[in-house]
Amino acid sequence: MNMKKFIQTSINNERVEFICEPRDSLLSILRENLRLTGTKEGCNNGNCGACNVIIDGVLVNSCLVLAVEVEGKKIETIEGLAGKDDLHPIQNAFLEEAALQCGICTPGFIIATKNLLDINPNPTEQEIRKSLAGNLCRCTGYDKIVRAVIDVAKISNNKGDE
Amino acid sequence: MQNFDYIRVKSKDELSELLDKQNKEIKLLSGGTDLIPQLREGKKDIEIIVDVKNINEMNELSFDNTLGLYIGAAVSCLNICQDVKVKTMYPGLIDAISLIGGVQIQGRASVGGNLCNSSPAADSIPALIVHKSICIIESKDGIREVPVEQFCTGPGKNVLNKNEFLAGIRVPKVDPEFGAAYLRFIPRNEMDIAVVGVGASVEIKEGHITTARLALGAVDATPRYFDDVFEPLLGMAINDENLDRILDDIGQSISTRINPITDMRGSAEQRKHLSKVLTKRTLLKAIERASNQQEVN
Ligand SMILES: Cc1cc2nc3c(=O)[nH]c(=O)nc-3n(C[C@H](O)[C@H](O)[C@H](O)COP(=O)(O)OP(=O)(O)OC[C@H]3O[C@@H](n4cnc5c(N)ncnc54)[C@H](O)[C@@H]3O)c2cc1C
Ligand code: FES
Ligand code: FES
């Protein structure tokens, strides 16, 4: 039985086509076929958030999405955040606050932060902690990550006020 | 991951047709947050995965003044928790549904999947039971309705026949006299499976309790519904000085009627203790909600 499927989708606003088997996860296709290795694999079972991407405006763990499911969808990955010459404000804030050590969790945290701020541009610290509960970090102790998110929310809100 | 084929269906008719004809091992895919890890662990011998998320009728989330709330089996927890009507009318359901995983799981996980995975610890099930919810089950042969408390038959097992699927869940309309709540105990604040989960609902008329329902998760092979422990509560005034003691007694009695297991999340003894404490707290919260609701109206 030939189970290969041809999939058309959009990743970071570019049209992308790939061939996969039904059993391939979106995570494995992103990393291994499309060489978008910014999205990380931590647990491969939905618990750590390292593989976070946004599909049609919804934050998901790409290890729990079959690649065949994304036909016709719009996917945002960490590679889509930085501009040609500058980093995204969330990336800058993570650097400023030194909110990373080994860095394997960082793309997931940044994507989860983007999703949070897209929905709620002015979150409280508690809202930040709650919405990042699905992302695990073994290095930083979380405080610096939370501070980075508070910073970036402040900066974007101040800009909005000008 | 094991090999399987993937089919996307667009209507309930197409799905019924397919389930009726196939003699292969089929599993339906909704959010995949239970199924995909299970496939990866090789726990299931499956030949075809049928994706039901793209069926419009199964994404229906609607409210009707006589029938109440209808939750299509594939509606995500996120969509339910964002719905203003559900939030204001069914806070006891939101208690449970909002607990299922973190943000990333909420966007994919469905209540239909939570029910059909039939874990004894599934958070939505006790809350659905105390809301008197009904499973709408469909197949080529027609539609049948099963109360949620009769849906699960064992860990990972339920009443669905091979040719049947869960189309949706109907949650009856609630009166202003009604209040419900769901509480669970987990080692972390987020992202874990219940050690014990308790759903409770009550109705209060003129300051007196007229009905009460209680359901517990993670204390037995299936979520447990208790329909008979409330005689001491019925007719009782909510400011009665004996209420506290009676709630303790109910909790005590529940803790002797369950068969919890010992596993990495907790011992059977701890689960019995938690059942007692949470039964009381959840009932108190349901009573509080029912009384506040009446003040608003
Ligand atoms: C990190 C993580 C945290 C979690 N936290 C919780 C938690 O706190 N509480 C909790 O209760 N659960 C939790 N879960 C488990 C899971 O997310 C939920 O049970 C979820 O509701 C399942 O829904 P789904 O749409 O993803 O189901 P799926 O995985 O798509 O399906 C689950 C099962 O139901 C069957 N099925 C799905 N739809 C239908 C249908 N319409 N008709 C017939 N069969 C159907 C599937 O074939 C499969 O066997 C967690 C899971 C993960 C990975
Ligand atoms: S790799 Fe997907 S959640 Fe951990
Ligand atoms: S920086 Fe190492 S896991 Fe977070």
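User: Between which chains does ligand 1 lie?

Analyst: This is a predicted model, in which local features need pLDDT of at least 70 and side-chain atom pairs count only at pLDDT 80 or more, whereas totals for chains, interfaces and linings use all residues. Residues are numbered from 1 along each chain as its sequence is written, chains are lettered from A and ligands numbered from 1 in the order in which they are written, and side-chain values use heavy atoms, with hydrogens and water left out. With this lettering, the place of ligand 1 is between chains A and B.

User: Which of the 35 residues around ligand 1 come nearest?

Analyst: A residue is near a molecule if one of its heavy atoms lies within 4 Å of it. Of the 35 residues around ligand 1, the nearest are Leu28(B), Thr33(B), Asp34(B), Ser110(B) and Asp123(B).

User: Which element gives the largest share of the shell around ligand 1?

Analyst: Helices (H or I, at least four residues) and strands (E, at least two) are DSSP runs, numbered from the N terminus. In chain B, β2 (26-29), α7 (111-117) and β10 each supply at least two residues of the shell. The largest share, four residues, comes from α7(B).

User: What percentage of the area that ligand 1 exposes alone does the protein bury?

Analyst: Polar contacts, here pairs of N or O atoms within 3.5 Å, place an oxygen atom of ligand 1 at 2.6 Å from a polar backbone atom of Leu28(B), and an oxygen atom of the ligand at 2.8 Å from a polar side-chain atom of Asn114(B). Taken alone, ligand 1 exposes 990 Å², an area found by the Shrake-Rupley method with a 1.4 Å probe. Of that area, the protein buries 95%.

User: How many residues apart in sequence are the parts that Glu145(B) and Arg170(B) tie together?

Analyst: A salt bridge is a side-chain nitrogen of Lys or Arg within 4 Å of a carboxyl oxygen of Asp or Glu, and by this rule there are 26 over all chains. In one of them, the side chains of Glu145(B) and Arg170(B) meet at 3.3 Å, N to O. Because Glu145(B) lies in strand β7 (residues 142-147) of chain B and Arg170(B) in strand β10 (residues 165-171) of chain B, the parts that the pair ties together are apart in sequence by 25 residues.

User: Are Arg224(B) and Asp220(B) buried or exposed?

Analyst: These two residues form a salt bridge, with the closest N and O atoms 2.6 Å apart. Buried means under 20% relative accessible area and exposed over 50%, with partly exposed in between, using a 1.4 Å probe and protein chains only. By these limits, both Arg224(B) and Asp220(B) are buried.

User: In which helix does the partner of Asp244(B), Lys280(B), lie?

Analyst: Asp244(B) forms a salt bridge with Lys280(B), the closest N and O atoms being 3.1 Å apart. The pair links distant parts of the chain, 36 residues apart, with Asp244(B) in helix α9 (residues 243-256) of chain B and Lys280(B) in helix α10.

User: Which residues do salt bridges that share partners join into one network?

Analyst: The network includes Asp51(B), a residue in strand β3 (residues 48-51) of chain B that counts as buried at 1% relative accessibility. Contact means heavy atoms within 4.5 Å, and beyond its neighbours within four places in sequence, Asp51(B) has contacts including Glu69(A), Tyr6(B) and Leu29(B). The joined residues are Glu69(A), Asp51(B), Lys53(B) and Arg108(B).

How values were computed. A polar contact is a pair of N or O atoms within 3.5 Å; within protein, one must be able to donate a hydrogen and the other to accept it, and residues adjacent in sequence count only if both atoms are side-chain atoms.
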